[in-house]
Amino acid sequence: MGKNRGRILLIYPPSPVLNREDRCQQPTKELLVIPPLPPTDLMYLAAVAESEGFEAKIADYSQGGNFEEDLRNFNPDYLLVNVATPTFKTDIEAFTIAKEICPDITTIAKGAAFLTLASEAMYFAKELDYIIYGEPEETFRELIIGVAPYRILGLYYRDDIRVKFSGARPFIKDLDSLPFPARHLVDNSIYRRPDTNEVQAVIKVSRGCPFHCFFCLATPVSGAEVRKRSPQNIVDEIKECIEKYNIKNFLFWSDIFNIDKKWVMELCRLIIDNGLNITWSANTRADTADEEMAEMMYRAGCRLVSIGVESGSQEMLDKIGKKITLDDVRLTVKIFKKFGIRIYNYFVIGLPWETKDTVEDTIDFAIELDSDFISFYTATPLPGTKFYEYAKENKLLNSDTSFKSAYFYPSVNTHSLTKDEVFELHKKALKKFYLRPSYIIKMLMKIKTKTEFINYFKAGMNLLLRR
Ligand code: SF4
């Protein structure tokens, strides 16, 4: 394949620092210990572009850089923007700027918001030429190599002035067929672990989740079937990160890491047998881990697991279709603690049926579990979720609804609490959990380095100073 079929700029537009993974879109500043994640989705698309002979450039303008200058200097033929729901309106402005500076440019958007808002966006943003609907890599590849838009599944396009949709594209069956993310196009040193401040890469080990929880975008974005990469393919990417970029810390990104024990054990065995000497974290469900798995994960370098607990009220768990019990959570937390793996619990406050009592149950349960870190997210009905449809049907969405502070400030009232009441309960929950003397002493005992101390101190100050 000859080089220089054209130039492609792939961007996170100028905005506050925001995690823009389609499933997980959150401003990072307010969330204490959530680090900014590298633009792995763009790196996959850039790798696809390079494999087709294009020159690609990635820019995450939330971390710096000048969009207009890059347009002038790089003069791209294509612009791909990851549009996030919290910054939807300002992200879309990138297309206007691009067409002003590079009139011949072809503009493309991707993002979970388009699962619901693609037609509106095409009508609203005249400078936006294409929207990729669903999993982007194959649709993007066909578009840039010149396949006719009506033949490309997963594409919104214009036919004359009419907006058309080519139809949904099936999810990619064999994830091993994708090239490794183009990390050489990114300053990897920006993206660091929040505790030790070491550089951390995100490795996407699987996609999809069968549970389709009420508030979650994982199933709409990546499908109900868990598609796993082969352990060998993952280990090959880890080796590349070590050898080419000297990265030894990883977040194994998946919608659900430990649903297949045989696969987890095989991946861990390969990491150990190859002597990779890495540390990593992963997300686990509360009903799929056992002691054998946890021990093997620790031996392979796992030092943190995140568990979506969501609520301390069984009624809330049942209503959101989480399909776990509080006892499942208690047991899983105990198992990981036994093997010295730190635990990050996620909770959601402000679900439609939430009352002060159920929030109190959640705070009490978080304290009972006594894990290392928690986030209390405010429930956010992002377009694409069941929650969004419910909020629309039940008139919880109104002209005040904003996703600007997704997960940190409520977008909608519950049936019995106002947004402000939910926010107050959210602040109370954080303070009650993090400002316990027993918690502070426990975490101080676990700190191993000065950098870790400084980072925890900063997170603590953030917590104390929040209004
Ligand atoms: S199990 Fe986790 S990833 Fe899957 S839908 Fe529920 S919250 Fe989302």
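**Reading strands, loops and a ligand shell**

Colleague: How many bridges join strand β14 (residues 279–284) to strand β15 (residues 302–310)?

Modeller: Five bridges join β14 to β15, and the two strands run parallel. One partnership to look up is Thr-284, whose bridge partner in β15 is Ile-307. Bear in mind that this is a predicted model.

Colleague: What holds strands of a sheet together, and in which directions can they pair?

Modeller: Backbone hydrogen bonds pair them, either parallel or antiparallel. Now look at the sheet here. Six strands form an open sheet, in the order β10-β13-β14-β15-β16-β17, with parallel pairing. Its edge strands are β10 (200–204) and β17 (373–378), each of which pairs on one side only. On average, neighbouring strands of this sheet are turned by 20° against each other, ignoring direction.

Colleague: Where can I find an antiparallel pair?

Modeller: Go to strand β8 (residues 155–159) and strand β9 (residues 162–165). Four bridges join them, and they run antiparallel. Asp-159 has Arg-162 in β9 as its bridge partner. The two strands form a hairpin with two residues between them, and there Asp-160 takes a positive phi near 60°.

Colleague: Which sign of phi do most residues other than glycine have?

Modeller: Most of them have a negative phi. So positive values are worth picking out. Asn-246 has one, about 55°, although it is not a glycine. Asn-246 lies in the loop between α7 (231–245) and β13 (249–253). His-212 is another case, with phi near 50°. Its place is the loop between β11 (206–207) and α6 (218–222).

Colleague: Are Asn-246 and His-212 buried, partly exposed or exposed?

Modeller: Count the other C-beta atoms within 10 Å. Buried needs 20 or more, exposed means 12 or fewer, and partly exposed lies in between. Asn-246 has 10 such neighbours, so it counts as exposed. His-212 has 14, so it is partly exposed.

Colleague: Can the same count be read for a strand? How many of the five residues of strand β6 (residues 106–110) are buried?

Modeller: Four of the five are buried, so β6 is largely enclosed by the rest of the structure. Now look at what pairs with it. Five bridges join strand β5 (residues 78–82) to β6, in parallel. In that pair, Leu-80 stands opposite Ile-108. Strand β7 (residues 130–132) also pairs with β6 in the parallel sense, over three bridges. There Ala-109 stands opposite Ile-131.

Colleague: Which helices belong to the β-α-β units with β5 and β6, and with β6 and β7?

Modeller: Follow the chain from strand to helix to strand. β5, helix α3 (residues 88–101) and β6 make a right-handed unit. β6, helix α4 (residues 114–124) and β7 make a right-handed unit too.

Colleague: Step back to the whole chain. Which domains does the assignment give?

Modeller: The domain assignment gives domain 1 (7–165) and domain 2 (192–465). The C-alpha centres of these domains lie 27 Å apart.

Colleague: And the ligand? Which residues surround it, and how do they divide by class?

Modeller: First list the shell, then sort it. The ligand is surrounded by Cys-209, Phe-211, His-212, Cys-213, Cys-216, Ala-218, Thr-219, Asp-255, Ile-256, Arg-285 and Gly-308. By class, six are nonpolar, three polar and two charged. You have already met His-212: it is the loop residue with phi near 50°, and it is part of this shell.

Note on methods: Residues are numbered from 1 along each chain as its sequence is written. This is a predicted model: local features need pLDDT of at least 70, side-chain atom pairs count only at pLDDT 80 or more; totals for chains, interfaces and linings use all residues. A residue is near a molecule or strand if its C-beta atom, placed from the backbone, lies within 6 Å of it. Ala, Val, Leu, Ile, Met, Phe, Trp, Tyr, Cys and Pro count as nonpolar, Asp, Glu, Lys and Arg as charged, and the others, Gly among them, as polar. Two strands pair if DSSP finds at least two bridges between them. A crossover is right-handed if, with the strands pointing away from the viewer, the path from the first strand over the helix to the second runs clockwise. Domain bounds come from an automatic or database domain assignment. Axes are lines fitted to C-alpha atoms, for helices over the stretch in contact, and angles run from 0 to 180 degrees between N-to-C directions.
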